[in-house]
Amino acid sequence: MNRSENNIFKILLFLLLTLVNRCRGNEQCSQVLSDYFQSSGTRAAIQMTTIYPNGKILYSRGNSLFERGFSNDLSNVDSYYGISSTETACFQSKEQPFSVKKSFVNFFDSRSFSISRDGFVSIYSVSQGSVSFNLTSCRGQILYGVVNDVLYTFHLVKDQKYQMIGRECGTEPVYDDRVQFVTKILGSWVDNGDTYSTFETEIQNVGNLEINALVFNQEGMELKHPSNIWGVSVISKYQFSLANYIHSIAPSQYVKFSYIARGMVPPKFTVSYISPK
Ligand SMILES: *[C@@H]1O[C@H](CO)[C@@H](O)[C@H](O)[C@H]1NC(C)=O
């Protein structure tokens, strides 16, 4: 073979290997998942059940999204709160596993849990640890994979949204006695006919307990650009948590974050999860 024939041979070999690799991916899963990748902006409500060799079962649920520019995979847009079979409570004098009083958070960031269109799953959970694997089987809306003797199952519903596990029902949760958001405007200007401001918000611990984890929602905040926010972790456009480098806020201490948003009216923030409760 001369040099150029040799190169062509190499390219053909590469293409062949790529093709073989692609075919090894789980066809059945790709087919089931294709439903969630047909158009950018597809949402999926997902229930995730994990069974460990010792019998412990974790159940979490939350919401994921496939959207170009956000994620090429189906990725989490919220924290996927979970409950555990080993966390029991006495509920109305009856033994109750999966106590919602001891619910846990899986993800403090978006894109920590993703399912690719060929069935590759990666999970970076603060409570379940990190794992990645290819799905073993997919039937209808149920997908599963086994890795290190742990069974991961996922149930997907397209275009639906789950409410957070453990959220207050009947009334909206209020944690005014624990946390206060105090916002200042640092400056405003007009750009192309629209007013924008730089805001700075202090998250103040006004309670008696240290705060180790905090997730909060916003209302009325339209960032100038999605990246125009500093000092918090962005879970989704509407939900935030303390920045990774903040491990706690002691009583009467505060942390700050800042952002550039439309208008001059400070947005409203409400706590959706606080730990310890
Ligand atoms: C998943 O499957 C792909 C192709 O089928 C393979 O290249 C990859 O190594 C697999 N990953 C794991 C973690 O098994």
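**Exercise 1. Follow the pairing of strands β2 and β3. Which residue of β3 stands opposite Glu 67?**

Step 1. Glu 67 faces Ser 71 in β3. A quick note before going on: this is a predicted model, where local features need pLDDT of at least 70, side-chain atom pairs count only at pLDDT 80 or more, and totals for chains, interfaces and linings use all residues. Residues are numbered from 1 along each chain as its sequence is written.

Step 2. Get the words straight. Strands are DSSP runs of E with at least two residues, numbered from the N terminus, and two of them pair if DSSP finds at least two bridges between them.

Step 3. Now look at the whole pair: β2 (residues 57-67) and β3 (residues 71-76) are antiparallel and share 3 bridges. Leu 65 has Ser 75 of β3 as its bridge partner.

Step 4. Check the turn. The hairpin of β2 and β3 has 3 residues between the strands, and Gly 69 there has a positive phi of about 90 degrees.

**Exercise 2. Find other partners of β2 and β3. How many bridges join β1 and β2?**

Step 1. Strand β1 (residues 42-51) pairs with β2 over 10 bridges, in the antiparallel sense. Ile 51 has Ile 57 in β2 as its bridge partner.

Step 2. This hairpin has 5 residues between its strands, and Gly 55 takes a positive phi near 95 degrees.

Step 3. β2 also pairs with β4 (residues 81-84), antiparallel again, over 3 bridges. Here Leu 58 sits opposite Ser 84.

Step 4. As for β3, 2 bridges link it to β8 (residues 113-115), also antiparallel. Leu 74 is matched with Ile 115 in β8.

**Exercise 3. Lay out the open sheet that contains β20. Which strands are at its edges?**

Step 1. Write down the order: the 4 strands run β14-β15-β20-β17, with antiparallel pairing.

Step 2. Pick the ends: β14 (179-191) and β17 (229-230) are the edge strands, each pairing on one side only.

Step 3. Zoom in on one end. β17 is joined to β20 (residues 254-262) by 2 bridges, and Trp 230 stands opposite Ser 258 in β20.

**Exercise 4. Place the largest nonpolar core. Why does this core lie between domain 1 and domain 2?**

Step 1. Know the term: a nonpolar core is a set of buried Ala, Val, Leu, Ile, Met, Phe, Trp, Tyr and Cys residues joined through C-beta atoms within 7 Å.

Step 2. The largest one has 39 residues, and Cys 29, Leu 143, Phe 154 and Leu 214 touch the most other members.

Step 3. Domain 1 (22-158) and domain 2 (179-275) both give residues to this core, so it lies between them. Those bounds come from an automatic or database domain assignment.

Step 4. Apart from it lies another core of 5 residues, including Phe 199 and Tyr 259.

**Exercise 5. Classify Phe 98. Is Phe 98 buried or partly exposed?**

Step 1. Recall the cut-offs: buried needs 20 or more other C-beta atoms within 10 Å of the residue's own, exposed means 12 or fewer, and partly exposed is in between, with C-beta atoms placed from the backbone.

Step 2. Phe 98 has 18 C-beta neighbours inside 10 Å, so Phe 98 counts as partly exposed.

Step 3. Find its spot: Phe 98 is in the loop between β6 (94-96) and β7 (104-105). The C-alpha atoms of Phe 98 and Tyr 59 are separated by 8.3 Å, though these residues are 39 residues apart along the chain.
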